[in-house]
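Colleague: I would like to practise reading a model with you, one feature at a time. Could you take me through this one?

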Amino acid sequence: MNPLYDPSNIETQVQTNWENSQAFKATEDPAREKFYCLSMFPYPSGKLHMGHVRNYTIGDVISRYQRMQGKNVMQPMGWDAFGLPAENAAIKSGMPPAEWTRSNIDYMKAQLQRLGFAYDWDRELATCDPDYYKWEQWLFTRLIDKGLAYRKKATVNWDPVDQTVLANEQVIDGKGWRSGAVVEKRDIEQWFLRITDYAQELLDDLDKLPGWPDRVLTQQRNWIGRSEGVQMDFQLEHGNENISIYTTRPDTLMGVTYLAVAAEHSTSLQAAESNPELADFIETCQKGGVTEAEMETMEKKGIALGLNVIHPVSGEIIPLYAANFVLMAYGTGAVMAVPGHDQRDWEFAEKYGIERKQVIFSVDGSDCSIEKAAFLEKGVLKNSGPFDGLSSEDAFDAIADWLKEQGKGEKQIHFRLRDWGVSRQRYWGCPIPMITDVNGESKTASDFHVRLPEDVTVDGSGSPLKKMPEFYDLGNGEVRETDTFDTFFESSWYYARYCCPDASDSMLDDRAKYWLPVDQYIGGIEHAILHLLYARFFNKLMRDEGLVENDEPFSKLLTQGMVIAETYYRTNDDGSREWFNPADITLERDDKGSAIRATLSADGESVTIGRIEKMSKSKNNGVDPQSLIDRYGADTVRLYTMFAAPPEQTLEWSDAGVEGAYRFLKRLWKLSATHLEAGDVPDLKKDELSDAQQKTRLKIHVTINKVNDDIGRRYTFNTAIAATMELINILSHAKDESENGRAIMREGLETVILLLSPIVPHITEVLWREFGHAKPIIDAAWPEVDESALVQKELQLVVQVNGKLRAKIMVPSDADQKQIEESAISDENVQKFIAEKQIRKVIVVPGRLVNIVVS
């Protein structure tokens, strides 16, 4: 065995063996328990970043561990390949998005393989492949037939220069991110899926997911947003037209002092025909945001319509306002405003001089004035006519019942969730398989599979599909849809296609019923809402189509934290900042290791040390995984990313930490080589162990127990690694060359190799072979605990006097309480603190401590 650790040679050799033997090919076996482990697939942006490495190493550790438990493991990988970045790259480079994407896939796949991830590459898929996206086109036509997909007008962000719809994050300070043009709100025809039909089931089935983080479950519940309230009508003062509103606080109804409607509400538009000021206001609103989040932060503005409504209970005349914080896309496009009991309404009323009326008062008589802010709590009704004296809870039912009797309203259950708009006015996506006929009616394409043309030029002036009559003009007055699906469409069912990627006659086949649901899903917390919600929705759609049997796609979910690193910059004359990569920086540190000065290596001039932030291209603080692999090997990178922090927490990058991981692997290699060089090892004679040998064996099997729990249940890979490091320390200091001593050393080293094999699979594979095992370590079983090794002849107990540590004693493991007390009291150091004092009592905590209380 080479005494020097050579990761490059080792890892190449091991990966070649895996590939030649198809070591990770998964096949269905009903006789074995399956385990489907899946990490969220990447967008092929060009290169892996450390966030990818961390995510995929977590999944690989879990997969390899479960394989050692004897389970039939599947771990696939693919590419979330459609999306806007490919179009942006095409604009810059002139390279068609398809070519750019597939080139990136090739490079990133090689990087993943170099990291040694145990993927079944026969299951690889890319969402831009026609054989993949044709089946979501097929499913869409089925949803059309079922009435679960439909077309309607919706408000979007429109860039008048680029002639395209922008996502909310592409609107920066009200302007298009690329063109700089002022963004407009426009109503255009879009395709939707009726996810709201599944809202209650999506909410209820969260209770079936105990393996999901509470934080994610809460976010899902909040996004679905089930509420019980009352929908009621306010009649216009002149005429028979009603304006409907929905409220979850009908107890505040008697405090309504104005109604607010969206700028695009029909009442606003009609009033604007004779009101130029209102027309200007509506035009201004059309340049604003279209999301609830934007509504929360924007300045609240409005204008009186010159119209009034009649209060449904009191008959009071209430003014009507158009307001920029009301959206037509949410609810009825109108809200009742109660300045006394809603802070937004209070601020709007303050700004425009509208009356504030208090109708809810505190139950205990404590201060609840609305002079400086709205009173938001529930309480007791006053100034509420027939409902005076009722609690808010009782008033909910009483007011709802009264409105229903009068034909003016009723209780309703509403959901915050809105139907999913799946249309995108983009090129690089899956074509929507719909046709508009000569009469303007939509119909599904006779051949549901519409291939996306790939030999195109993208210049940023809208989708190339709209400029390709050979694509959209079908003759006879029929026109093909040129919108493409939201890319969430592709990522909402890829987990199921992995089960049967070669199914040619159907979206899924019976193999999906064997593998699903996914047993462990791993990805970033940023996907906690939309991706996971849409994937859950798609699973139910496929279930109702008879394609899968499970209600939920992912049994357990792990959301890993971000990878963060230091940032460095110089401020330019115009105030902008130029960011420098940490690899290009030279640091000066103080005695405690803290950075006190940073210079750019290229010119020796100072740079400013910025904050520690998430690794990103914009801050240029990313670490190239490839350079680390080339320098230290994949196992070092894997070991560091698992050791630096628990998976759910943020990982702060440390070059010194990487060096430390590399040193540990070299130490393991050297210790193993030294042991093997000494020759054959006799069988362990358990009945002839010395006390020291028993302690070493105890540590070995305690470590097995701990690592098994840390990896198998808790997913605290960092503490599992720390435990193996402790064991290596003990083995390193063991100088026992007796037959039993060498046998225990062999047992300890082989245990460490097995325990670390899911984390550092290359070095452990080679060491396992060097230790004489013919079968590769990937087919080895997880080590079992020898219960006899856990039996201790003596236990160490802490001794306290009045709660303060005074000694540590060894007692026989079968000592009774009297023996333990006598040993503690007679200890020489303890005697110093109890001499000439009265012992009030002695408290023994079995296996842990003795506390002697004296006075």
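**Reading helices and sheets**

Modeller: Gladly. Helix H5 is followed by glycine 147, whose phi is positive, near 80°. Keep in mind that this is a predicted model.

Colleague: Before we go into H5, how many helices and strands are there in the protein?

Modeller: There are 26 helices and 37 strands. Of the 855 residues, 52% are buried, and the C-alpha trace spans about 105 × 80 × 65 Å along its principal axes. Among contacts between residues at least 6 apart in sequence, 70% join residues at least 24 apart.

Colleague: Back to H5, then. What span should its 17 residues have?

Modeller: Count 1.5 Å a residue, and H5 (residues 130-146) should span 24 Å; its end C-alpha atoms are 24 Å apart, so the two agree.

Colleague: And how many of the residues of H5 are buried?

Modeller: Twelve of the 17, so the helix is largely enclosed by the rest of the structure. Among the buried ones are Tyr132, Tyr133, Trp135, Trp138 and Phe140, and Lys134 and Glu136 are buried as well.

Colleague: Now sheets. How do strands pair in general?

Modeller: Strands of a sheet pair through backbone hydrogen bonds, either parallel or antiparallel. For a parallel case here, look at strand S24 (residues 518-524) and S25, which are joined by six bridges. Tyrosine 521 stands opposite leucine 557 in S25. Between the two strands the chain passes through helix H17 (residues 530-544), and this β-α-β crossover is right-handed. S25 (residues 554-560) is mostly covered, with five of its seven residues buried.

Colleague: Where can I find antiparallel pairing?

Modeller: In an open sheet of four strands, in the order S4-S3-S7-S17. Strands S4 (164-166) and S17 (420-421) stand at the edges with a single partner strand each, so one side of each has no neighbour in the sheet. S7 (residues 184-193) and S17 run antiparallel and are joined by two bridges; there, phenylalanine 192 has glycine 421 of S17 as its bridge partner.

Colleague: One last feature: at what angle do helices H1 and H24 pack?

Modeller: H1 (residues 7-21) and H24 (residues 761-770) pack at about 85°, with axes 9 Å apart. Angles of 65 to 115 degrees count as roughly perpendicular, and therefore that is how H1 and H24 are described. The contact includes Ile10, Val14 and Trp18 of H1, and Ile763, Val766 and Arg769 of H24.

Note on methods. Residues numbered from 1 in each chain as written. Predicted model: local features only at pLDDT ≥ 70, side-chain atom pairs only at ≥ 80, totals over all residues. Heavy atoms only, no water. Expected span 1.5 Å × (residues − 1). Buried < 20%, exposed > 50% of the residue type's maximum accessible area, 1.4 Å probe, protein only. Pairing = 2+ DSSP bridges. Right-handed = clockwise from strand over helix to strand, strands pointing away. Axes fitted to C-alpha atoms, helices over the stretch in contact; angles between N-to-C directions. Parallel < 35°, antiparallel > 145°, perpendicular 65-115°, else oblique. Contact = heavy atoms within 4.5 Å.
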